[in-house]
Amino acid sequence: MVELPDSDILPLSLEHNFWTWSAQAKVSPIPVKKAKGVYFWDVDGKRYLDLNSMTMCVNIGHGDERVIDAIVQQARELPFAAPGMATKPRALLGKLLSEITPKGLTKFLYTLGGADANENAIKLARGYTGRHKILARYRSYHGATFGATAVTGDPRRVAWEPTVMPGVVHFLDPYRYRSTFHRTNPDISEAEFTRDYLNHLEEIIQYERPETIAAVLLESVTGTNGIIIPPEGYLQGVRALCDKYGILLIADEVMSGFGRTGEWFAVDHWNVVPDLMTMAKGLTSGYAPLGAVAMKPEIAATFDEHEYQGGLTYNGHPISLAAAIAVIQVMQQDHLVEKSRETGKVMADMMAELADRHPSIGDQRSIGLFGILELVKDRKTREPMAPFNGSSPEMAAFKKYALDHGVYLYTHWHTVLLIPPLIITPDQLAEGFSVLDQALAITDKAARK
C-alpha cells in the first residue's frame with residue numbers, strides 16, 4: 001500500500017474527491033485513522049464514541065477480526081466471479097438468510113446496497129403483478145437512485161423532480177406525536193389511532209384503483225425520518241389490506257434489519273411476513289458493500305420461463321457475500337439480537353431520564369437500539385427546534401458540542417438519532433449520554449419553560 005502521512009489525508013481528500021450529500025465548498029470531513037469496537041479515532045488520535053454506527057450500519061462494531069479474516073480468506077481464494085456464476089459464499093449465504101428471514105422468504109437477489117435492493121424489489125413487484133403503481137409513505141427514505149428517490153417521501157426526492165420514476169403515490173405515516181388527524185384528540189386509543197391510518201391508506205388504494213397498484217413499500221420502522229414505530233395492529237392491517245386487494249407488501253429493512261430493533265428484522269415484532277423484503281447496511285455491518293431482496297418463491301417463479309431484465313457487474317460479489325456470512329455468524333455466536341433487545345431497554349431508560357431533565361426534549365422513542373430524541377422549543381405547541389427540512393443554530397451547536405466532546409451522532413432537522421453498534425455496553429452508553437446531557441443544555445436555552 002502507498003504510504004501517506006496522516007497529515008496529508010484530509011487535504012488530499014478535499015483536493016480530489018467529490019462528496020455526496022454535500023455542498024462542496026462546505027465539506028468538513030473527519031479524517032478517520034482507525035476504528036475498533038464502538039469507537040473510531042481521527043488522525044490526531046482523538047477518540048469518538050460512535051452513536052450512529054457510522055452510517056447506521058456497523059451493527060457488530062468496528063474491526064471484528066472474524067469478519068476481516070473471512071474477507072481476506074475469500075480474497076485469496078476467489079476475489080471475484082461473474083454475477084451469473086455459482087460460488088461457495090453464494091450457496092452458503094442463501095441458506096443462512098433463509099434461516100433468519102421471515103418464514104416463506106426463500107429466494108434472494110443480491111445487490112450492491114439498499115437503494116438498488118429497493119429498485120429491484122419494485123421491478124419484481126411490477127413484473128409479478130403486471131401493475132405499475134407503488135404506494136409509499138411521505139416520511140420515508142429508500143435510497144438515492146432513480147426509482148428509490150421516487151418512492152422516497154421526504155424532501156430529498158424534490159431536488160431531482162420531475163425527472164424521477166413515475167407511478168408513485170405517497171401516503172401519511174402513523175406518527176402519533178405529530179398526527180395530522182389527531183391534533184385535537186391526542187388521547188385517542190391506540191386501536192382507533194391505527195384504524196384511522198389504515199382507513200387513510202385504504203381510501204387512497206380505492207381512489208388510485210387497486211388493479212393499478214403493484215405494491216405498498218414501507219420501512220418497517222421509519223428510519224431517519226423519525227424512528228416511527230408502528231402502533232399495534234398497523235403492520236398487520238397493511239398486510240391485510242394488501243391481501244384484500246391483491247397488492248404486494250415490500251418491507252424496507254435496510255436500516256431496521258439485522259438485530260437493530262431487538263429482532264432479526266423489525267417485521268418480526270408483529271409477526272408480519274412481507275412478499276418482498278430489502279436489506280443492506282447491517283447485512284455486512286458495512287465491512288463490504290452488499291444489499292439483497294428476499295422474496296417469496298412464487299414471485300421468483302414469475303421469471304422461470306422468461307428473463308429477468310436486471311443486474312449489475314458486482315451483484316453477488318464473493319468478498320461481500322463472505323463478509324455477510326461472517327457477520328451473521330458473529331451475530332449468532334455473540335447473541336447480538338438478544339443483546340440489542342436487552343441493551344435497548346437500558347437505552348430507553350436513559351432516554352426517559354434525559355427527557356425528565358431537559359425541557360427541549362418533546363418526545364423520545366426507541367425500539368431495541370434504534371432511538372430518537374425529538375427536540376422542541378415548546379413542549380405544549382411542539383414547535384420543532386429546527387424548521388422543516390432545515391437546521392438551526394441550536395441544532396448545529398448541539399451537534400458541534402457532541403463532536404467536540406468525542407461523541408459522533410446524526411441529527412436530522414430537529415431530531416437526534418441514537419443508533420449505536422449492537423455490542424455497546426451500558427457503561428459505554430452512559431459515557432455517551434453524559435455528553436448528550438451536557439449538550440442538551442444548549443437546546444434547553446431555546447425552549448420555553
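This note goes through some features of a predicted model, beginning with the interior and ending with a pocket.

1. The largest nonpolar core has 69 residues, and the residues with the most contacts inside it are Leu97 and Phe258. Helix 10, which covers residues 318-333, gives the most to this core, contributing ten residues. Apart from this core lies another, made of 33 residues, including Phe171, Phe193, Val216 and Trp270. As general background, nonpolar side chains tend to be buried together in soluble globular proteins.

2. Phe258 deserves a look of its own. Once its neighbours within four places in sequence are left aside, Phe258 is in contact with Leu97 and Phe265, and also with Asn59, Ile100, Trp264, Met279, Ala280, Gly282, Leu283, Ile328, Met331 and Leu422.

3. Phe265 is found in the loop between strand 8 (248-252) and strand 9 (276-279). Although Phe265 sits in a loop, Phe265 counts as buried because its relative accessibility is 0%, and the cut-off for buried is under 20%. Not counting residues up to four places away in sequence, Phe265 touches Phe258, Ile100, Thr101, Pro102, Glu253, Gly257, Met277 and Met279. Of these partners, Met277 is twelve residues from Phe265 in sequence, while the C-alpha atoms of Phe265 and Met277 are 9.7 Å apart in space.

4. Arg239 is a charged residue found in helix 8, which runs over residues 234-245. Arg239 is classed as buried because its relative accessible area is 11%. Leaving aside neighbours within four places in sequence, Arg239 is in contact with Asp275 and Lys296, as well as with Ile247, Leu249, Val272, Val273 and Pro274.

5. Helix 13 (residues 426-444) has 19 residues, and the distance from its first C-alpha to its last is 25 Å, which is close to the 27 Å expected at 1.5 Å a residue. The buried residues of helix 13 include Leu429, Gly432, Phe433, Leu436, Ala439, Leu440 and Thr443. A general point helps in reading such a list: an α-helix has 3.6 residues a turn, so residues three or four places apart point the same way.

6. The second largest pocket holds about 540 Å³ of space. Its lining is made up of 22 residues, and those that lie nearest the centre of the pocket are Leu109, Tyr110, Asn120, Tyr308 and Gly310. Strand 4 (107-111) and helix 5 (114-129) are the elements that give two or more residues to this lining. By type, the lining residues of the second largest pocket divide into ten nonpolar, six polar and six charged.

Terms used:
Residues numbered from 1 in each chain as written. Predicted model: local features only at pLDDT ≥ 70, side-chain atom pairs only at ≥ 80, totals over all residues. Heavy atoms only, no water. Core = buried A, V, L, I, M, F, W, Y, C linked by side-chain atoms within 4.5 Å. Buried < 20%, exposed > 50% of the residue type's maximum accessible area, 1.4 Å probe, protein only. Helix = DSSP H or I, 4+ residues; strand = E, 2+ residues; numbered from the N terminus. Contact = heavy atoms within 4.5 Å. 1 Å grid on protein atoms, 1.4 Å probe; cavity = no way out; pocket = protein on both sides within 12 Å on 5 of 7 lines; lining within 4 Å. Points joined across faces, edges and corners; volume = space filled by probe spheres on them. Expected span 1.5 Å × (residues − 1).
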